[in-house]
Each structure stands twice: as C-alpha cells, then as structure tokens.
Amino acid sequence: QVQLVESGGGLVQPGGSLRLSCAASGSIFSIGTMGWYRQAPGKERELVADINSVGIPNYAGSVKGRFTISRDSATNTVYLQMISLKPEDTAVYYCSAFVRAATTQLFMRYWGKGTLVTVSS
C-alpha cells in the first residue's frame with residue numbers, strides 16, 4: 001500500500017507565499033513523475049506542475065514564474081513553493097505520484113487527500 005500525505009496549506013493574503021509538501025510512504029520500489037493538481041469550487045481538477053524522475057519540471061501557464069516544484073528522491077517528497085499568490089489560486093491542492101510498489105512491476109497513479117489553499121485579504 002502506498003500513501004501520499006500533503007501538508008502546508010492554509011490562508012494567505014494576496015501576494016503572499018506558501019510551501020506545500022507531499023511525502024510518499026509505504027511499500028515503494030520506485031517513483032516516477034510527481035506533481036500537484038488543484039481543484040477550485042465548481043471547476044475541474046487541473047495540473048499545476050509536475051516533475052519527472054530526473055528532475056525536469058513542467059508548469060501550467062497560469063503559475064509559471066510564480067510556482068516552483070522540486071523533489072527529494074531520498075525522502076520521496078515533492079514540494080511546491082508558491083509566491084505572489086492570487087485569489088484565483090484558491091483551491092484544494094492534490095499531490096499525485098506514479099509509483100511502482102514493491103510487489104508489482106507496474107506503475108500506478110496515487111493521489112493524496114488534498115490540502116486547502118485560500119488566498120484572500
């Protein structure tokens with residue numbers, strides 16, 4: 001069994017910063033791409049940023065230049081540093097990871113339960 005646990009969400013004023021973390025744990029053999037998605041009220045879940053196993057990042061246009069994704073392979077953790085936050089960044093942020101468990105040869109996508117980010121004055 002593999003679990004993803006996010007942390008770091010909260011309330012922040014426009015222009016502020018937050019750092020999200022997501023740690024993967026369980027019977028993990030290997031982790032591929034890790035990423036962050038978000039879902040605002042009444043909207044579909046969308047990709048924010050992801051990073052592959054060799055550290056190459058990919059960003060949604062709306063966050064490019066403001067958000068930075070990184071990962072620590074030693075601790076199976078992915079981070080999202082967010083600066084210059086805007087009210088439209090308000091959403092539940094979900095961590096995602098493609099994981100090969102120790103008992104299988106297949107990579108499967110796992111999701112965290114989400115952490116709420118609210119940008120408001």
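How many helices and how many strands are there in the protein chain? There are 0 helices and 11 strands. Both are DSSP runs numbered from the N terminus, with at least four residues for a helix (H or I) and at least two for a strand (E). The chain has 121 residues, and its radius of gyration, 14 Å, is close to the 14 Å of the globule rule, so it is as compact as a globular protein of that length. That radius is taken over C-alpha atoms, and the rule is 2.2 Å times the number of residues to the power 0.38.

This is a predicted model: local features need pLDDT of at least 70, side-chain atom pairs count only at pLDDT 80 or more, and totals for chains, interfaces and linings use all residues. Residues are numbered from 1 along each chain as its sequence is written, and side-chain values use heavy atoms, without hydrogens or water.

Now look inside. Of the 121 residues, 40% count as buried, meaning under 20% relative accessible area with a 1.4 Å probe, protein chains only. The largest nonpolar core holds 31 residues. Such a core is a set of buried Ala, Val, Leu, Ile, Met, Phe, Trp, Tyr and Cys residues joined through side-chain atoms within 4.5 Å. Trp36, Leu80, Met82 and Tyr93 have the most contacts inside this core. Strand E9 gives the core its largest share, 6 residues.

Follow Met82 next. Leaving out residues up to four places away in sequence, Met82 touches Gly16, Ser17, Leu18, Leu20, Arg66, Phe67, Tyr93 and Val117. A contact means heavy atoms within 4.5 Å. Among contacts between residues at least 6 apart in sequence, 56% join residues at least 24 apart.

Key: Buried < 20%, exposed > 50% of the residue type's maximum accessible area, 1.4 Å probe, protein only.
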